[in-house]
There are 2 protein chains.
Amino acid sequence: MPRIVDHAERRRAVAEVAARLVAEGGIDSVTVRDVAAKAGTSTAIVSHYFAGKRELLALTYAQAAGHARARVEAVLARDPADVAGVCEAILPLDDDRRRDWQVWFAFWGPAVADAELAAEQRRRVAGTLETLTATLRRAHEALGTAAAREEARRLLTIVTGIATQAVFDPGQWTPARQRRMLKQELARVAGAR
Amino acid sequence: MPRIVDHAERRRAVAEVAARLVAEGGIDSVTVRDVAAKAGTSTAIVSHYFAGKRELLALTYAQAAGHARARVEAVLARDPADVAGVCEAILPLDDDRRRDWQVWFAFWGPAVADAELAAEQRRRVAGTLETLTATLRRAHEALGTAAAREEARRLLTIVTGIATQAVFDPGQWTPARQRRMLKQELARVAGAR
């Protein structure tokens, strides 16, 4: 099925370029013409993927979420109990991870008033919470499911709080400071005591 | 100086209406005509306050920040050492506070690619950090400035993390859950041990 493979590949390339442009200049700076030029395809093709700003947001959001998921899966493939690794896969510790947060920020404003976009955001947070809960249980056998979920919620809250500050203030929130705060909070996980 | 008073009052009224519309429908849904109608003024006056989306964002951001600051000041006027009260003044525990966060989210997307808007965000976070540090020092005399700042940073990170999740998921993040997590974290403040 070369046609389908080609279609998926082209969609991925368009989404990747669009996500990068959103992260660099905000959603309003992204034009169909720019994306087409940088993805090496036609404006007709790009227009097919995003009829409007809402489709563009959904596409780039999913792309950034895909990056994060792939990083988390790579961590867990190496060590299924690496709680710190899962958190670090999400934190804006380098330009790639920072760009993903910039894409999510572009999404949050419109999502506030859009029930479907808000539901997408909730689904993603819920998925990350499940992954983190399972990882915590593997790391700390004594931790029950309910306690693990509470600890996962606390860690995800810390990670989100760090990220939303660090994206605007990378000077204050160096990778070292992000890791230090994460380490302190990991030391407080109930099962780790 | 009735003219100046009137000007300031009118600007406040316009900003208030604009902030409410941004929170309800996102920045792109706000029209000069709507704001003018709801603020009981002319489109010419409203156009004067926001020549474009960027000015509108800056105006509504400042308005939401003003709400938060007023709530924090009211808490500190009653009890200058009320750390929990300062945090609760910021958390989205009711519709008013939730609306402020919705306005900030609308701002974050564009701020990612706009050095001036990003600087405004950093200034606001730095101001809140100072207030929280001073409040912590009043609450826990044994806490030095550096330790108080670290604890303030941790609390503000928790508050920000809670808020960014709660705005999209008020069903999961009830006021009770927000307060419970805050209480747990306050119990962990170094000087409170």
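**Exercise 1. How many salt bridges does the rule find across the interface of chain B and chain A?**

Before the solution, some conventions apply. This is a predicted model in which local features need pLDDT of at least 70 and side-chain atom pairs count only at pLDDT 80 or more, whereas totals for chains, interfaces and linings use all residues. Residues are numbered from 1 along each chain as its sequence is written, chains are lettered from A and ligands numbered from 1 in the order in which they are written, and side-chain values use heavy atoms, with hydrogens and water left out.

Step 1. A salt bridge is a side-chain nitrogen of Lys or Arg within 4 Å of a carboxyl oxygen of Asp or Glu. Side chains of opposite charge can pair when their charged atoms come close.

Step 2. Applied across the interface of chain B and chain A, the rule finds 6 salt bridges, while the structure holds 34 over all chains.

Step 3. A salt bridge joins A:Lys53 to B:Asp28, with the closest N and O atoms 2.6 Å apart. This pair crosses between chains, B:Asp28 lying in the loop between H1 and helix H2 (32-39) of chain B and A:Lys53 in helix H4 (residues 53-78) of chain A.

**Exercise 2. Describe the contact between chain B and chain A, and state which elements of chain B take part.**

Step 1. With contact taken as heavy atoms within 4.5 Å, the contact takes 39 residues from chain B and 39 residues from chain A.

Step 2. The buried area, meaning the accessible area (1.4 Å probe) that two parts lose on being put together, summed over both, is about 3,300 Å² between chain B and chain A, and carbon and sulfur atoms give 60% of it.

Step 3. Between chain B and chain A, 9 residue pairs are in polar contact, both residues being at pLDDT 80 or more. A polar contact is a pair of N or O atoms within 3.5 Å; within protein, one must be able to donate a hydrogen and the other to accept it, and residues adjacent in sequence count only if both atoms are side-chain atoms.

Step 4. Helices are DSSP runs (H or I, at least four residues), as are strands (E, at least two), and they are numbered from the N terminus. On the side of chain B that touches chain A, at least two residues each come from helix H1 (2-25), helix H6 (95-111), helix H7 (115-139), helix H8 (145-166) and helix H9 (175-187) of chain B. Of these, H8(B) gives the largest share, 11 residues.

Step 5. By class, that side of chain B has 16 nonpolar, 11 polar and 12 charged residues, where Ala, Val, Leu, Ile, Met, Phe, Trp, Tyr, Cys and Pro count as nonpolar, Asp, Glu, Lys and Arg as charged, and the others, Gly among them, as polar.

**Exercise 3. Which residues lie nearest the centre of the largest pocket, and what lines the largest cavity?**

Step 1. On a 1 Å grid over the protein atoms alone, a cavity is a set of points where a 1.4 Å probe fits but cannot get out, and a pocket is an open set with protein on both sides within 12 Å along at least five of seven lines; lining residues have an atom within 4 Å of a point. Grid points are joined across faces, edges and corners, and a volume is the space filled by probe spheres set on the points.

Step 2. The largest pocket holds about 430 Å³ of space. Its lining has 23 residues, and those nearest the centre are B:Ala65, B:Arg124, B:Val125, B:Gly127 and B:Thr128. H7(B) contributes the largest share of this lining, 8 residues, and the lining divides into 11 nonpolar, 7 polar and 5 charged residues.

Step 3. There are 3 cavities of 30 Å³ or more in the structure, and the largest has about 120 Å³ of space. Its lining includes A:Trp101, A:Trp108 and A:Arg124 from chain A, together with B:Thr164 and B:Gln165 from chain B. H7(A) supplies the largest share, 4 residues.

Step 4. The second largest cavity, of about 50 Å³, is lined by A:Trp173, A:Arg177, A:Arg180, A:Met181, A:Gln184, B:Glu150 and B:Arg153. H9(A) gives the most to this lining, with 4 residues, and by class the lining has 2 nonpolar, 1 polar and 4 charged residues.
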